[in-house]
Amino acid sequence: MTARGQTPAIVLFAGLALFPLAARFGADAYLVTLGARILIFALAALSLDFLVGQGALVSFGHAAYLGIGAYSVVLASIAGIDDLLAQALIAIVAAALFAALTGYVSLRASGVYYIMSTLAFGQMLYFLFVSLSALGGDDGYTLSSRSRLIGKPLLESDFSFYYLCLAALALAYLVLARVAKSRFGRALNAVRQNPLRARALGFRPFPFQVAACVIAGAIAGVAGTLLANQSEFVAPAFMSWQRSGELLVMTILGGVGSLWGAILGAITYLTLEETLSLLTDQTHLLIGPLLVVVAIFGSRGLAGALAPKSSGRAA
Amino acid sequence: MSPPLLSVEGLAKRFGALVVTDDVSFSLDEGRLAALIGPNGAGKTTLINQLSGALPSDGGRILFAGLDISAYDLPARAELGLARSFQITSVFPELSALENVALAVQARSGSSFRFFGRAAREEALNAPAWTALERVGLRARAGDLARELSHGEKRLLEIAMALALRPRLMLLDEPFAGLGSDETRAAVDLVRDLKSEYTMLLVEHDLDAVFALADEIGVLVNGRLIAWGTPDAIRADAGVRSAYLGEEALA
């Protein structure tokens, strides 16, 4: 990846870093809260784009990892662990395990059957948490406070929380962009572009695809820990299949395969949803046609429209 | 005496009631170039698919350097040193020509589970890839995306990818298909040049090329191997004449 190819990502992150300052001028603290929420979903969409864009693995159960991350915060705080890094570590391990197990099973199927089995696993987890009355069941669980960071209540400020989310997003972007360029990423890409050819060279798709699921799941798990902190509340609805669908919409809207496109997709989708909700209750009646337009006219999404040359897949 | 590099015994393949490979047996010694010929629908590509492991067989055995590889799948056979090209050009369209070949180098040279180093900057991958591209005459196109190459260049790229695997046996499925006459001449020269270093089995329609290159020729008709022998023996074979070649082709 050349420095030039990174320009859209640099501009995007610079904009995100300046956003709270602009919001402060506007004297609307709510914007920063909303901004953090958008960054968290951008993180989840980014991890999904790694799966879809690099591996052609269209997961319809990605919200499960948001749920795993969020409930990791709940369980950890019940156990007296209130440090965000420790909670994130628990979330990463739990999400990676879930990804490895479900990937191991789901990846025996391909195409639409793979999509269906990821959906099924997501729903299984959803109903598991609905039935866990100790954690509030369907009603969810209210956290007594946000997690602490290095022993200090750093997350209580919406500004510092925003920048924490931005740091997580930037780190995840750098890691995934790097992995996409590695030997592993190249092989994963080869399997996506031409599975028969890849196998004829000696690459077995399965281990690469399972590993991709683990990487994407772990990152979405971190997004879940942040989401729990952002809302100070966790419910099974975090991992509903509608939520998985929204993550896919953000990824596709942004343009599959460029990684930064998914971030742009999340920003666009959630901003639209928020703005349109001021006008009407039926926001999706308006967002729907937009998606149809993107699907028909710009299969490479916003990233393809903004940077046709450099929006190519990260490998 | 060491066993033949490739030995095929009673190989069979059926699609429903249709017998596509019918009790095929032959063997190929190291360093030889064999060509399979036969009319359209004779089952040549099916046989290549069975040999490379892309298609499981319904009967018979395949021995590779004495090892029974009948149960090995495509990646496992590739790891053993069986490299193949495809009748319908098969490359990685979104990667550059160099990256296509570097992937082949990566496939045979150790771990692909490295997550951080930039593959594009690894000399250990790029140097052998350059050599293979040079060998097939594609050095000038190294940086271009594979999908931007001409048909003939893609065929050469496939051969470069096979070379980069450092194979013990190359299976080439119609390497000259769809090439213009100049391109064919260059590709035939390339295969002749590679002959001294690699054992090759190729399927080909171009009889001039086959008779110019092959040490041994097999004739496949309706899934049966009706003859196997030197070019001279095949030319003289009355059964082959009546079944397939026609008098003028042998003149």
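At what angle do helix H10 (residues 241–254) of chain A and H11(A) pack, and how far apart are their axes? The model is predicted, and the tour starts with this pair.

**Stop 1: H10 and H11 of chain A**

Select residues 241–254 of chain A for H10(A), then add H11(A); the two pack at an angle of about 115°, with their axes 7 Å apart. Their crossing is right-handed. To see where they meet, show side chains on both helices. On H10(A), pick A:Val249, A:Met250, A:Thr251, A:Leu253 and A:Gly254. Facing them in H11(A) are A:Gly261, A:Ala262, A:Ile263, A:Leu264, A:Gly265, A:Ala266, A:Thr268 and A:Tyr269. This contact divides into eight nonpolar residues, five polar and no charged.

**Stop 2: H11 and H12 of chain A**

Keep H11(A), residues 260–279, and add H12(A), residues 283–297. The axes of these two helices come within 9 Å and cross at roughly 135°. That angle makes H11(A) oblique to H12(A). Here, too, the crossing is right-handed. From H11(A), the contact draws on A:Leu272, A:Glu273, A:Leu276 and A:Ser277, while H12(A) supplies A:Thr283, A:Leu286 and A:Ile287. By type, the residues of this contact are four nonpolar, two polar and one charged.

**Stop 3: where chain A touches chain B**

Colour by chain and select the residues in contact: 20 of chain A and 28 of chain B. On the chain A side, the elements that give two or more residues are H6 (158–181), H7 (183–193) and H8 (195–201). H7(A) gives the most to this side, with six residues. The chain A side comprises eight nonpolar, four polar and eight charged residues.

**Stop 4: the sheet of chain B**

Move to chain B and show it as a cartoon. Six strands form an open sheet with mixed pairing, in the order E6-E7-E8-E3-E9-E10. E6 (82–84) and E10 (224–229) of chain B stand at the edges; each has a single partner strand, so one side of each lacks a neighbour in the sheet. On average, neighbouring strands are turned by 15° against each other, direction ignored.

Within the sheet, select residues 33–37 (E3) and 199–203 (E8) of chain B, which pair in the parallel sense over four bridges. Label B:Ala35 and look across to E8(B): B:Leu202 stands opposite.

**Stop 5: a helix across the sheet**

Finally, select residues 44–52 of chain B, helix H1. H1(B) lies across E3, E6, E7 (169–173), E8 and E9 (216–221) of chain B. Relative to E7(B), the helix runs at about 150°.

Definitions and conventions: Residues numbered from 1 in each chain as written. Chains lettered and ligands numbered in written order. Predicted model: local features only at pLDDT ≥ 70, side-chain atom pairs only at ≥ 80, totals over all residues. Axes fitted to C-alpha atoms, helices over the stretch in contact; angles between N-to-C directions. Parallel < 35°, antiparallel > 145°, perpendicular 65-115°, else oblique. Left-handed = near helix turned anticlockwise from the far one by under 90°. Contact = placed C-beta atoms within 7 Å. Nonpolar A, V, L, I, M, F, W, Y, C, P; charged D, E, K, R; others polar. Pairing = 2+ DSSP bridges.
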